[in-house]
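Trainee: Please take one chain of this model and go through it closely. I want its fold, then the way it meets its partner.

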Amino acid sequence: MSGLDTLGHDAGRLLGKALQPRLRPALDPEYLALVERFRTDADLRRVTVAVAEGLGLRILDVGATGVVLGCSPESPFAMRVADYRANLTVDQRVASGLLLLALAAYWFPSAEALLDDDEVVQSLDTAAFVAWLVELCTSLAATEARDPAVGTPELRAACRTLLERAETRKTADGRRTASTLAGMVESALEQLEKGGLVRRTGDRWTSTRAYRIQVRELAGHAAFEAVRSAAPDSD
Amino acid sequence: MTTRWEQDLTRRLRTLLRTAPLHQVEAAKGHRALPLADQDLVALALRTLDVIIEAMGLDEGALHAEVALALDPLVRAADPGLEDSAPVVELVIDALTNRSQRGEVFRIPYTDFDGGFVRRELGFHLVREVESEDGRILLRATTEGINLYAGMLDYDVEDAQTAEEAVLRAQVERGRLSQAVDTARRARQRSIQYEEKLRSFLRTARRDVRGVDWVGEVLQQIDAALRHLAERLHVERDLRTQVQRRLDETEVEAPELAELASVLDDCVTRHLRLQQNLIGANQAWLDAQARQSFRPRAALPLADLERDVLRPALVLSVADLDPVVPALFASFFGPVAPRVLALDQLVSRLLAPARDAAPVDRPLATVELEPLVAPVRFDDADEQQVRDWLDAARAVRLSTLLAAARAEGAPPRTERLLALEVLRAYDGADTDGTLVVASDGERLHDPRFEGDDLWVNPGSEGP
């Protein structure tokens, strides 16, 4: 059964490479060979997809820039809120999740934008992004009926939570504190950068091909479903 | 007979409108915080397109840094007092990529008289940022962007290319070489343009395999393109042979001929590469089909993230949203390989002696260094001159020697060497005794040197 062993081994190697998102086939001959085989060898493809599925992973794309993996919330590879930042309050947790959604919506506002060529990337500077988000939240908060003074903080609209963090408090050494909107955006982008999904270019951030694929093939749908299921009348 | 002025007008109008983004940024420059009064942003934008298109000839596109390098002298020439040209350069790039609208298509409204009076919208990109396979972020001009720069807004690129080469051939045959070089450069621009046109066509075709009539439409287009390319290659090789023949025969016109040869070589290489891509296009399409078949894309159409997802989410309550945050984290961050605790390593690490504090990780300022060369204080001519003076010295005072040297017009450097040689002989430590120098306590009166006015004698004689 050496054929099966080899297939399993190679599938493992390929997924191992894929889990190091900043690795590039162009710079790693073994990775390049595996990517090539994945595209031509139906058996390897089947085994790799199956193993990935078992790990709660989804192969979203296999191309010249490598493998793009998506993952389900149940996967052992999923980013957990507690791993992202310890001891977040409910407010901070929700704000962090919303920022991820807002970043994707800023870069790809429409389905049409999302369907653009994989290689087309977008850039962003934090200040412009925060200004855009604050404007959006302000307009939504103005039309929102619930009285912010009534009820517990958890019952307020999420846009108000974001607005509360909008002012740029600075620490003594001039850095943004982690609890302001700008600071939270920076930490989200830094984490995305670790996953090879965005890149820092000078004082801007640029989305990558992998990010577009991640959002288009998985996260966009997941977010749509999540928000729909969160709406109170859906239960 | 019906005049078709309506169609013509609409076509020309759409052509004209593609320059609108450039005029808009120029018109709005007064509202920016940057000192832009002296900058011609339209010219800078065109130069940017030029740099990008040129880079697309050699590479997949231009780096921001390449554009900055090319624009810097222009920006500074317009405003010599400017400290940093980078903000102006970025502004121009932003204008071309439509970054204020988050990189979306430029949407320019216009009136279409063809078929009544209809308000329409023209959508196009000029420059896009792309990620290359090796992970660099590059700027690429779109077909519209290249058209805008090439000033060839109203023609088919295939026709223009054919015409350009006919002109080129005539110029080479008549020996009008400097014009031929210009024409060849334009022909190369057409090649880049044609390449971009085909590339975007193939990309669109591949993106959604189900939405394209591959056999009926795409394969036919590819066939036509291959025929066009075969013609181009034939003509270009023919021209290249002519140029080579002239190059072998003549010496006088050589620089222009050499340039012509290199531009033609470039065109041939580009067309060969394009031909290969086209021949492989069918296989690439089959691969794309295979790839998209394993993609687990959900059957439902994509949502508009801003309108359908973000806005509804922002008005939900914090308590409602909290349960779905883990799903957002998992899907947007992608997988993260968890670190597994290796017990054996943990134990040995914990038992290991404390290491020195890690060195401070601080970015080093890049300093431009020049190779260190010991400065030459006295050259051989100085040494020879001084030796000559001292050889001729017979019981003279240092002041006399210095005055004589000055009278001869010797440079201060030689004077200084003279004084130093005399001092060295006075010290006596490492001289070979050819010179005897003594002091009688007399002060030296000299504008440049201070000390005793020494007596200088050849070694064999006393003072």
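**Chain A and its partner**

Mentor: Start with the contacts inside chain A. Among those with a separation of 6 or more, 55% join residues 24 or more positions apart in the sequence. Keep in mind that this is a predicted model. Chain A is built from 10 helices and six strands. It has 235 residues, and 55% of them count as buried.

Now the sheet. In chain A, three strands make an open sheet with antiparallel pairing, and their order is E4-E6-E5. Strand E4 (123–124) and strand E5 (198–201) of chain A are the edge strands, and each pairs on one side only. Look at one of these pairings in detail. E5(A) runs antiparallel to strand E6 (residues 204–207) of chain A, with four bridges between them. To find the register, take Arg200(A), which faces Trp205(A) in E6(A).

Next, a loop position. Thr180(A) sits in the loop that links helix H8 (158–164) to helix H9 (181–194) of chain A. Is Thr180(A) buried or exposed? Its relative accessible area is 1%. The cut-off for buried is under 20%, so Thr180(A) is buried. Thr180(A) also has a partner from elsewhere in the sequence. Arg165(A) is 15 residues away along the chain, yet the two C-alpha atoms are 4.8 Å apart in space.

Now turn to the interface. From chain A, 99 residues are in contact with 65 residues of chain B. The area buried between the two chains is about 7,500 Å², and carbon and sulfur atoms give 64% of that. Charged pairs are present too. Six salt bridges are counted between chain A and chain B. One of them pairs the side chains of Asp116(A) and Arg128(B), with 2.6 Å from N to O. The polar contacts across the interface come to 23 residue pairs, with both residues at pLDDT 80 or more.

Which element of chain A gives the most to this side? That is helix H10 (residues 209–230) of chain A, with 18 residues on the side that touches chain B. Sorted by class, that side of chain A holds 58 nonpolar, 18 polar and 23 charged residues.

Strands cross between the chains as well. Strand E3 (residues 120–121) of chain A runs antiparallel to strand E3 (residues 127–131) of chain B, and two bridges join them. In that pairing, Val120(A) faces Val130(B) in E3(B).

A short look at the partner completes the picture. Chain B has 463 residues, of which 41% count as buried. Its elements are 18 helices and seven strands. Of its contacts with a separation of 6 or more, 63% are between residues 24 or more positions apart.

Chain B carries an open sheet as well. Its three strands pair antiparallel in the order E5-E7-E6. Why do two of these strands have a free side? Strand E5 (396–397) and strand E6 (435–438) of chain B stand at the edges with a single partner strand each, so one side of each has no neighbour in the sheet. E6(B) pairs antiparallel with strand E7 (residues 455–458) of chain B over four bridges. There, Ala438(B) is set opposite Trp455(B) in E7(B).

Conventions. Residues are numbered from 1 along each chain as its sequence is written. Chains are lettered from A and ligands numbered from 1 in the order in which they are written. This is a predicted model: local features need pLDDT of at least 70, side-chain atom pairs count only at pLDDT 80 or more; totals for chains, interfaces and linings use all residues. Side-chain values use heavy atoms; hydrogens and water are left out. Contact means heavy atoms within 4.5 Å. Buried area is the accessible area (1.4 Å probe) that two parts lose on being put together, summed over both. A salt bridge is a side-chain nitrogen of Lys or Arg within 4 Å of a carboxyl oxygen of Asp or Glu. A polar contact is a pair of N or O atoms within 3.5 Å; within protein, one must be able to donate a hydrogen and the other to accept it, and residues adjacent in sequence count only if both atoms are side-chain atoms. Ala, Val, Leu, Ile, Met, Phe, Trp, Tyr, Cys and Pro count as nonpolar, Asp, Glu, Lys and Arg as charged, and the others, Gly among them, as polar. Two strands pair if DSSP finds at least two bridges between them. Buried means under 20% relative accessible area, exposed over 50%, partly exposed in between (1.4 Å probe, protein chains only).
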